[in-house]
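How do the parts of a folded chain come together, and what does its interior look like? The paragraphs below lead through one example, beginning with a pair of helices and moving from there to the core and the surface.

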Amino acid sequence: MLSMKAKYALKALIHMAQSTSPTLPSKQIAEAEDIPQKFLDNILQELRQNGVVDSKRGIFGGYFLARPASEIRLGDIIRIID
């Protein structure tokens, strides 16, 4: 069984993979996927530290997948988060 943290991480990554925007602010992901913002920020930070997502600062900044979605494995995400 997946933890809520893992479920939120997967929801956020799927949202990012399906987006046409090059970067997504965490606030936008949190609102779209009904994830508490602070919780999502912590999850995205962990994913960034492990090379799954990256971030860009500034007015057009936000998070983006660090590699193609087809190269991101479900098991890797679960091991990182849980």
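The axes used here are lines fitted to C-alpha atoms, for helices over the stretch in contact, and the angles run from 0 to 180 degrees between N-to-C directions. Two packed helices are described by the angle between their axes and the distance between the axes. The structure shown is a predicted model, and every value that follows was computed from it.

In this model, α1 and α3 pack at an angle of about 75°, and their axes are 10 Å apart. Since angles of 65 to 115 degrees count as roughly perpendicular, α1 and α3 are therefore roughly perpendicular to each other. On the α1 side, the residues that take part in this contact are Lys5, Tyr8, Ala9, Ala12, Leu13 and Met16, and they meet Phe39, Leu40, Ile43, Leu44, Glu46 and Leu47 in α3. Sorted by character, the residues of the contact of α1 with α3 divide into 10 nonpolar and 2 charged, with no polar residue among them.

Two members of this contact, Tyr8 and Phe39, also account for the aromatic pairing in the model, where the count comes to 1 aromatic pair. Tyr8 and Phe39 are arranged edge-to-face, with 5.6 Å from centre to centre and 85° between the planes. The pair links distant parts of the chain, given that Tyr8 lies in helix α1 and Phe39 in helix α3, 31 residues apart. The two partners fall into separate classes of exposure: Tyr8 has a relative accessible area of 13% and is therefore buried, the cut-off for that class being under 20%, whereas Phe39, with a relative accessible area of 31%, is partly exposed.

From this interface the path leads inward, to the largest nonpolar core, which has 22 residues. Within that core, the residues with the most contacts are Leu13, Met16, Leu47, Val53 and Ile77. The elements that give two or more residues to this core are α1 (4-18), α2 (26-33), α3 (37-49), β2 (62-65) and α4 (74-81). Of these, α1 gives the most, with 7 residues.

Which residues does Leu13 contact, leaving aside its neighbours within four places in sequence? Leu13, found in helix α1, is in contact with Leu47, Val52, Val53, Leu65 and Ile77. Leu13 is also buried, with a relative accessible area of 9%. As a further measure of how the chain folds back, the C-alpha atoms of Leu13 and Leu74 are 10 Å apart in space, although the two residues are 61 residues apart in sequence.

Met16, likewise placed in helix α1, counts as buried at 8% relative accessibility. Not counting residues up to four places away in sequence, Met16 touches Leu24, Ile29, Leu44, Val53, Tyr63, Phe64 and Leu65. The C-alpha atoms of Met16 and Arg48, which are 32 residues apart along the chain, are separated by 13 Å.

The remaining positions to consider are on the surface, where a residue counts as exposed when its relative accessible area is over 50%. Lys38 has its place in helix α3 and is exposed, with a relative accessible area of 68%. Between Lys38 and Gln18, 20 residues apart in sequence, the distance in space is 22 Å, C-alpha to C-alpha.

Two loop residues complete the picture. Asp34 is found in the loop between α2 and α3, and its phi is near 55°, a positive value in a residue other than glycine. At 66% relative accessibility, Asp34 counts as exposed. Phe60, for its part, is found in the loop between β1 (53-56) and β2, and with a relative accessible area of 67% this aromatic side chain belongs to an exposed residue. Phe60 and Leu24 are 36 residues apart in sequence, while their C-alpha atoms are 8.6 Å apart in space.

Methods
Residues are numbered from 1 along each chain as its sequence is written. This is a predicted model: local features need pLDDT of at least 70, side-chain atom pairs count only at pLDDT 80 or more; totals for chains, interfaces and linings use all residues. Side-chain values use heavy atoms; hydrogens and water are left out. A nonpolar core is a set of buried Ala, Val, Leu, Ile, Met, Phe, Trp, Tyr and Cys residues joined through side-chain atoms within 4.5 Å. Buried means under 20% relative accessible area, exposed over 50%, partly exposed in between (1.4 Å probe, protein chains only). Helices (H or I, at least four residues) and strands (E, at least two) are DSSP runs, numbered from the N terminus. Contact means heavy atoms within 4.5 Å. Rings of Phe, Tyr and Trp (its six-membered ring) pair if their centres lie within 6.5 Å; planes under 30 degrees apart count as stacked, over 60 as edge-to-face and the rest as tilted. Angles under 35 degrees count as roughly parallel, over 145 as roughly antiparallel, 65 to 115 as roughly perpendicular and the rest as oblique. Ala, Val, Leu, Ile, Met, Phe, Trp, Tyr, Cys and Pro count as nonpolar, Asp, Glu, Lys and Arg as charged, and the others, Gly among them, as polar.
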